[in-house]
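Here are a few exercises to work through with a viewer open. Try each task yourself before you read the solution below it.

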Amino acid sequence: MTTEQNNLVYIGFNSQVVALDKHTGNIIWDWKAPKGRGYVSLLLLDENQLIASVIGYTYSLDARTGKEQWFNELTGYGTGVVSMVALNRSNPHDTLVAAASADESQSSASTAATTMD
């Protein structure tokens with residue numbers, strides 16, 4: 001993920017998605033769903049793809065620019081609030097736990113080395 005991408009926060013509401021600069025709150029880009037009204041579910045797949053579902057109508061947006069990449073009406077599945085999951089995505093909690101464990105191991109090793117001196 002690029003530094004520029006790390007600085008974006010995505011907000012979904014009222015059939016719209018807005019990307020904000022996380023440091024300033026300035027709007028970087030905004031997008032309005034051509035179909036679907038109301039609640040927006042968001043899933044960031046990678047630095048290039050943000051999935052937005054608006055009451056069942058699903059869109060792929062370029063995460064950096066907000067440009068619509070594709071649309072799928074999911075005909076026959078109905079509409080409503082959607083749940084989304086992507087496989088092979090790291091859980092931020094797991095990353096933090098792994099980092100804390102590495103820090104603890106390094107600290108223990110340093111303490112042991114100091115004690116041996």
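The exercises below concern a predicted model and go from the whole chain to single strands.

**Exercise 1. The chain as a whole**

Find out how many helices and strands the chain has, and in what order the elements run.

*Solution.* Start with the count: the chain holds two helices and seven strands. Next, read from the N terminus on, where the order is α-β-β-β-β-β-β-β-α. Then turn to the surface, which has an accessible area of about 8000 Å²; carbon and sulfur atoms account for 52% of that area. Of the 117 residues, 27% count as buried, where buried means under 20% relative accessible area. Finally, look at contacts between residues at least 6 apart in sequence: 33% of these join residues at least 24 apart.

**Exercise 2. An open sheet**

Work out in which order the strands of the open sheet lie, and which strands form its edges.

*Solution.* Three strands make up this open sheet, in the order β1-β2-β3, with antiparallel pairing. The edges are β1 (8-13) and β3 (27-32), since each of them pairs on one side only. On average, neighbouring strands here are turned by 15 degrees against each other, with direction ignored. Now zoom in on one pair: β1 and β2 (residues 16-21) run antiparallel and are joined by six bridges. One bridge to check in your viewer is that of Phe-13, whose partner in β2 is Gln-16.

**Exercise 3. The neighbours of β6**

Determine which strands β6 pairs with, and how many bridges each pairing has.

*Solution.* Take β5 (residues 49-54) to begin with: its pairing with β6 is antiparallel and has six bridges. Val-54 has Tyr-57 of β6 as its bridge partner. Two residues lie between the strands of this hairpin, and Ile-55 adopts a positive phi near 45 degrees.

Now take β7 (residues 68-72), which is antiparallel to β6 and joined to it by four bridges. Here Leu-61 stands opposite Glu-68. The hairpin of β6 and β7 has five residues between the strands, and in its turn Gly-66 shows a positive phi of about 85 degrees.

**Exercise 4. Two faces of one strand**

Decide for each face of β6 whether its residues are buried or exposed.

*Solution.* In a regular strand, side chains alternate between the two faces of the sheet. Sort the residues of β6 by face: Tyr-57, Tyr-59 and Leu-61 lie on one side, with Thr-58, Ser-60 and Asp-62 on the other. Both groups are buried, so both faces are covered. The total for residues 57-62 agrees: six of the six residues are buried.

Note on methods. Residues are numbered from 1 along each chain as its sequence is written. This is a predicted model: local features need pLDDT of at least 70, side-chain atom pairs count only at pLDDT 80 or more; totals for chains, interfaces and linings use all residues. Side-chain values use heavy atoms; hydrogens and water are left out. Buried means under 20% relative accessible area, exposed over 50%, partly exposed in between (1.4 Å probe, protein chains only). Two strands pair if DSSP finds at least two bridges between them. Contact means heavy atoms within 4.5 Å. Accessible areas come from the Shrake-Rupley method with a 1.4 Å probe; for residues, only the protein chains shown count as cover. Axes are lines fitted to C-alpha atoms, for helices over the stretch in contact, and angles run from 0 to 180 degrees between N-to-C directions.
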